Amino acid sequence: MAQKIAGFRLSPQQQQHLSLRQEHPQFPHWSHCVLLCKGDLQTRRLVQAINSLVERHEILHTSFQSLAGMNVPLQVIADATALPLRHWQAKQVSTDRTALHQFLRTWPSHLPDLSSGECLQATFIPLQDQALLILALPALCTDAATWQLLSQELRCLYESVQPMALAPAPMQYADLAE
């Protein structure tokens, strides 16, 4: 029996990125954003805010799949599921700036292979009186403007007493690509 994939075409920008990656294998597979969180961060509240963000944006639970013979994958949107927040303990990451920079340079090696179907990755690093939150998405899913929007919405969701203090859900990326 033939396999099927239900998905959406890639946008022109995603197709261009994929083309660049095929020509230059060293081209990044993941894009990431490091947020500095000051003060007493409530981890449970942060996880709730991240999961609300994932529910709000389909691109945060989108994978890229193809069948044999397909040159260009399709965007496949999975159901939004709870995202695990990876914790790196203080003993694993030194608060020394040089060691921390070294960790941040090697951190992408901890990301899963894109073929795993995983999308948004979140890692929380508690430091003395602040923390780092590292978010990663497949490079096919994001750009600088996306990170700016996502970080603003995440902050709003974290700080909000009410679950949806944001504007109505935006148009989804797969709809734009179509």
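Start by selecting Q75 in this predicted model. Q75 has 1% relative accessibility, so it counts as buried, the cut-off for that label being under 20%. Color by secondary structure and you'll find Q75 in strand 3, which covers residues 74-77.

Now show side chains around Q75. Which residue's side chain makes a polar contact with the side chain of Q75? Look for Q14: the two side chains are joined by a polar contact of 3.1 Å.

Follow that contact over to Q14, one of the buried residues of helix 1. Select the rest of that set too: H17, L18 and R21 are also buried there. Why do they end up on the same side of helix 1? They cover an arc of only 100 degrees around the axis, and that puts them together on one side. Spin the view to the other side of helix 1, and pick out P12, Q16 and E23, which are exposed.

While you're here, try a quick ruler check on helix 1, residues 12-23. With 12 residues at 1.5 Å a residue, the helix should span 16 Å. Put the distance tool on the C-alpha atoms at its two ends: they are 17 Å apart, so the model agrees with the expectation.

Last stop: go back to strand 3 and step into the loop between it and strand 4 (85-87), where D79 lies. Is D79 buried or exposed? D79 has a relative accessible area of 67%, so it is exposed. Finish by adding E55 to the selection. D79 and E55 are 24 residues apart in sequence, and their C-alpha atoms are 8.5 Å apart in space.

Conventions:
Residues are numbered from 1 along each chain as its sequence is written. This is a predicted model: local features need pLDDT of at least 70, side-chain atom pairs count only at pLDDT 80 or more; totals for chains, interfaces and linings use all residues. Side-chain values use heavy atoms; hydrogens and water are left out. Helices (H or I, at least four residues) and strands (E, at least two) are DSSP runs, numbered from the N terminus. The expected span of a helix is 1.5 Å times one less than its number of residues. Buried means under 20% relative accessible area, exposed over 50%, partly exposed in between (1.4 Å probe, protein chains only). The arc is that of the directions from the helix axis to the C-beta atoms. A polar contact is a pair of N or O atoms within 3.5 Å; within protein, one must be able to donate a hydrogen and the other to accept it, and residues adjacent in sequence count only if both atoms are side-chain atoms.
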